[in-house]
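Please read the following account with the coordinates open beside it, so that each statement can be followed in the model itself.

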Amino acid sequence: MAFRGPECYVDMEDLARARGVPPEKFTQGIGQRQMAVVTPCEDTVTMATLAGREALDAFDIDPDEIGTLIVGTETGVDHSKPVAVYVHELLGLPATCRTFETKHACYGAMAGLTSASDWILAGRARGRKALIIASDIARYGVGTPGEPTQGAGAVAMVVSSKPRLFAFDTSIEGDYTRQVMDFWRPLYSKYAFADGHYSIQCYLDALEACWEDAVRTAGGSHEAFALSELDACFYHVPFSSMAKKAHHRHWEVELGRRVERDAPESGEIATSYRRLVEPWLSLNAVVGNIYTGSLFLCMVDYLRRISSEREGRPVSLFSYGSGCGAALSVAHVSDGASAFKEAVDPGEHLSGRRRLGIEEYEQITRAAESADQNEAGEADPSRWGLAGNLYYVGTVDHQRRYAHLG
Ligand SMILES: CC(C)(COP(=O)(O)OP(=O)(O)OC[C@H]1O[C@@H](n2cnc3c(N)ncnc32)[C@H](O)[C@@H]1OP(=O)(O)O)[C@@H](O)C(=O)NCCC(=O)NCCS
């Protein structure tokens with residue numbers, strides 16, 4: 001696994017001051033400290049490629065070993081051409097590698113991950129590995145309720161029959177689909193439309209339905225994934241405090257009844273949250289919402305703090321994509337996973353980011369609106385002070401161009 005995101009961020013206290021909101025609403029109520037911001041020269045392709053390259057390099061995997069590449073995203077760059085095919089070229093993957101994009105809001109990469117494991121289980125991989133990359137830009141627009149829940153980044157994961165980090169338990173799988181209008185982004189809009197409070201309800205209802213389905217697949221018992229047995233619960237994290245709401249519902253479903261926030265049992269829920277969820281939210285709190293990748297960013301955070309005693313322990317994963325589609329899975333930490341804690345840690349990348357003033361962030365947001373128009377000139381790395389990486393450098397003859405600079 002590896003995470004890579006953009007080179008700039010906004011501090012949430014700066015944003016709160018600029019919007020005339022008490023900073024505690026963003027830092028405690030929503031639970032975010034910073035949010036990653038893409039310049040017009042960073043897009044789904046550049047972030048996916050950088051994360052993919054990091055995953056291959058850090059785990060010493062030859063690109064020729066990759067037989068499937070899937071990019072899960074809800075920030076496509078073309079109605080027809082998948083982000084994955086640009087990434088395929090930029091990573092130098094073999095021509096025999098099947099390559100495609102998956103979309104179902106924030107659930108898209110989870111769908112890609114299960115497809116990849118099915119490909120391996122069906123015996124079609126013939127010893128090869130799959131590269132799954134979740135890459136997204138969360139954009140709600142300046143001054144909207146969703147603005148403090150923006151972010152951007154990519155998590156890359158290599159799936160193989162001999163997993164070095166997590167092994168999925170394929171006997172437990174809860175699935176759920178329902179057509180709801182909680183969040184969507186029409187083809188003509190760069191910005192998402194969201195019915196934010198309704199989306200939280202849809203998320204929690206989907207969690208409950210997935211848990212019930214997982215119990216059915218596990219033979220009628222939740223014993224194998226009881227909260228008391230788990231070492232961590234990873235949830236989709238559109239903003240950090242959503243994970244607290246999710247864990248509360250998870251606990252209620254297991255208990256079989258609702259628990260009010262101030263009821264005596266809520267102390268136990270808080271203790272469980274502090275053990276199983278909160279320790280792995282620190283990357284989400286400084287990156288913001290990365291849609292498809294946000295669940296997997298918690299797993300990266302878990303891995304970078306892992307000790308050998310955690311090897312073999314079960315963990316749960318809940319993926320929610322608005323619209324909506326969701327899944328609950330269980331995995332076990334692989335033996336030897338703790339040897340990779342430094343390899344997965346994106347700490348150095350994150351500490352190298354540049355803090356933007358609010359005026360500059362708003363200027364970047366305006367420029368992003370027209371960056372994809374043919375030969376617009378917004379995607380000029382020197383204009384945004386960028387060098388030393390892979391960048392989107394605009395379109396020529398309606399064709400996207402990418403360049404390594406520096
Ligand atoms: C999440 C979202 C709905 C919040 O919008 P909002 O109406 O501006 O914010 P709220 O008034 O609900 O406040 C958010 C939290 O901060 C808390 N809060 C408000 N002011 C506060 C303050 N001064 N100090 C501390 N906490 C504060 C609220 O109590 C609330 O917490 P709670 O949900 O635990 O009760 C909005 O950011 C959004 O639409 N996001 C995009 C959609 C999304 O992410 N959906 C998630 C499911 S996929």
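The paragraphs below go through one helix and its surroundings, and then turn to a sheet and a helix that lies across part of it.

Since this is a predicted model, everything said here describes computed geometry. A convenient place to begin is helix H3, which covers residues 44-58. With 15 residues, H3 reaches 21 Å from its first C-alpha to its last, which is close to the 21 Å expected at 1.5 Å a residue. The helix is mostly covered, 12 of its 15 residues being buried, and the buried residues include Thr44, Val45, Thr46 and Met47 as well as Glu54, Ala55 and Leu56. After H3 comes aspartate 60, whose phi is positive, near 55 degrees.

Is threonine 44, a residue of H3, buried or exposed? It counts as buried because 27 other C-beta atoms lie within 10 Å, where 20 or more are required. Once neighbours within four places in sequence are left aside, the contacts of threonine 44 are Thr73, Thr75, Val77, Val83, Ser135, Asp136 and Ile137. A further relation across the chain links threonine 44 with alanine 152, for although these residues are 108 residues apart along the chain, their C-alpha atoms are separated by 8.6 Å.

Further along the helix, alanine 51 is likewise among the buried residues of H3. The largest nonpolar core of the model has 125 residues, and those with the most contacts inside it are Met1, Ala51 and Val155. Leaving aside neighbours within four places in sequence, alanine 51 is in contact with Ala2, Phe3 and Arg4, with Ile133 and Ser135, and with Ala154, Val155 and Ala156. Val155 thus appears both among these contacts and among the core residues just named.

The sheet can be taken next. Here 4 strands form an open sheet in the order S8-S13-S12-S11, with mixed pairing. Its edge strands are S8 (166-177) and S11 (232-235), each of which pairs on one side only, and neighbouring strands are turned by 15 degrees against each other on average, direction ignored. Strands of a sheet pair through backbone hydrogen bonds, either parallel or antiparallel. In the case of S8 and strand S13 (residues 325-333), the two run antiparallel and are joined by 8 bridges; within this pairing, phenylalanine 166 has valine 333 as its bridge partner in S13.

Finally, helix H10 (residues 294-304) lies across S11 and strand S12 (314-321), and runs at about 150 degrees to S11.

Technical notes
Residues are numbered from 1 along each chain as its sequence is written. This is a predicted model: local features need pLDDT of at least 70, side-chain atom pairs count only at pLDDT 80 or more; totals for chains, interfaces and linings use all residues. Two strands pair if DSSP finds at least two bridges between them. Axes are lines fitted to C-alpha atoms, for helices over the stretch in contact, and angles run from 0 to 180 degrees between N-to-C directions. Two residues are in contact if their C-beta atoms, placed from the backbone, lie within 7 Å. A nonpolar core is a set of buried Ala, Val, Leu, Ile, Met, Phe, Trp, Tyr and Cys residues joined through C-beta atoms within 7 Å. The expected span of a helix is 1.5 Å times one less than its number of residues.
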